[in-house]
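Welcome! Take a look at the sequence and the model below, and then let us walk through a few places together.

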Amino acid sequence: MAGNRAHRDDNLLEDIQARLDGLNKSERKVAEAILRDPSAATRYSIAALARAADVSEPTVNRFCRGFSATGFPDFKIRLAQSIATGTPYVGQNVEPDDTVAEFSDKIMLSTIASLDKARQALDPRALSQAIDYLIQAKQINFFGMGGSASVALDAQHKFFRFNIPVMSYDDALMQRMVAAGSTVGDVIVVISYTGRTKEAVEVAQAARANGATVIGITNPDSPLAATCSVVLGVTAEEDTEVYMPMSSRIIHLTVIDILATGVTLKRGTDFLDHLKKIKESLKPTRFPPAE
């Protein structure tokens, strides 16, 4: 078992290739089926991979555990990470001559891998602390600029349900004025992938100076993180200075979902009637489902 753990942090595809000659006949067939088309393997069910390798499902499970996976679903996530982080067999970057199937697959796999890495990196204690601040807030303001603006707006759409005054701002001047007018009991959530945007750091500093609590959803090693009361540290392996934000934005949206869920649960079951009333208010706006 210790030998298997040594491979846990390696690139999975490279690991499979390196250990190919040491596998028994059945497990080698599984390895070869994966190496023939790693992208397709991430879409297989365990039954489909077993058929592709002409082995039994228990053999596939045994193969996965041999590479330190807890089971086939965990193995597929790690396989997606291997593809997304680049290997001698599969490139991560979208190429000009990629087909629609190829570049859509690359983007999906990269996002899956980035979400899983963010899942492992998020600090439950920081999440719990942020949720406590949010549920006690007099008012909540979400700040995001550029690619983060849509995340801030999504947060406003979720948090207005909690009977706490909430707004989102994507304009740097408005953010400055709101930060200047903030006070003890206010919570400002600043969303920034890099954490190096000067305006974001300055408004966070201004809000802290006025007694507000500042929650940062950002790179944990950034100037913004150093300014915040609580940091929800998330990163993604993409260069947003060259490419448009993709997986980083999805990670931030997911963190907002986690915070909204945490606030809902903290409110208790009595609060569910309020949420139900909001949902039911939409019924007259929709056509009935097709039968």
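## A short tour

L173, M174 and M177 make a nonpolar surface patch of about 320 Å². Such patches join nonpolar side chains (Val, Leu, Ile, Met, Phe, Trp, Tyr) within 5 Å, from residues with over 30% relative accessible area and no salt bridge, that is, no side-chain nitrogen of Lys or Arg within 4 Å of a carboxyl oxygen of Asp or Glu. Areas come from the Shrake-Rupley method with a 1.4 Å probe.

This is a predicted model, where local features need pLDDT of at least 70 and side-chain atom pairs pLDDT 80 or more, while totals for chains, interfaces and linings use all residues. Residues are numbered from 1 along each chain as its sequence is written, and side-chain values use heavy atoms, leaving out hydrogens and water.

Here are three residues, labelled as buried (under 20% relative accessible area), exposed (over 50%) or partly exposed (in between). Helices (H or I, at least four residues) and strands (E, at least two) are DSSP runs, numbered from the N terminus.

| Residue | Element | Relative accessibility |
|---|---|---|
| M177 | helix α11 (residues 172-180) | 53%, exposed |
| S128 | helix α9 (residues 124-135) | 35%, partly exposed |
| S192 | strand β3 (residues 186-192) | 5%, buried |

What does S192 touch? Not counting residues up to four places away in sequence, S192 touches S148, T197, I217, T218, N219, L224 and H252, where contact means heavy atoms within 4.5 Å. A polar atom of the S192 side chain also lies 3.0 Å from the backbone nitrogen of G195.

As for S128, its C-alpha is 7.9 Å from that of G262, although the two are 134 residues apart in sequence.

Technical notes: Buried < 20%, exposed > 50% of the residue type's maximum accessible area, 1.4 Å probe, protein only. Polar contact = N/O pair within 3.5 Å; in protein donor to acceptor, adjacent residues only side chain to side chain. Patch = residues over 30% accessible without salt bridge, like charges linked within 9 Å, V, L, I, M, F, W, Y side chains within 5 Å.
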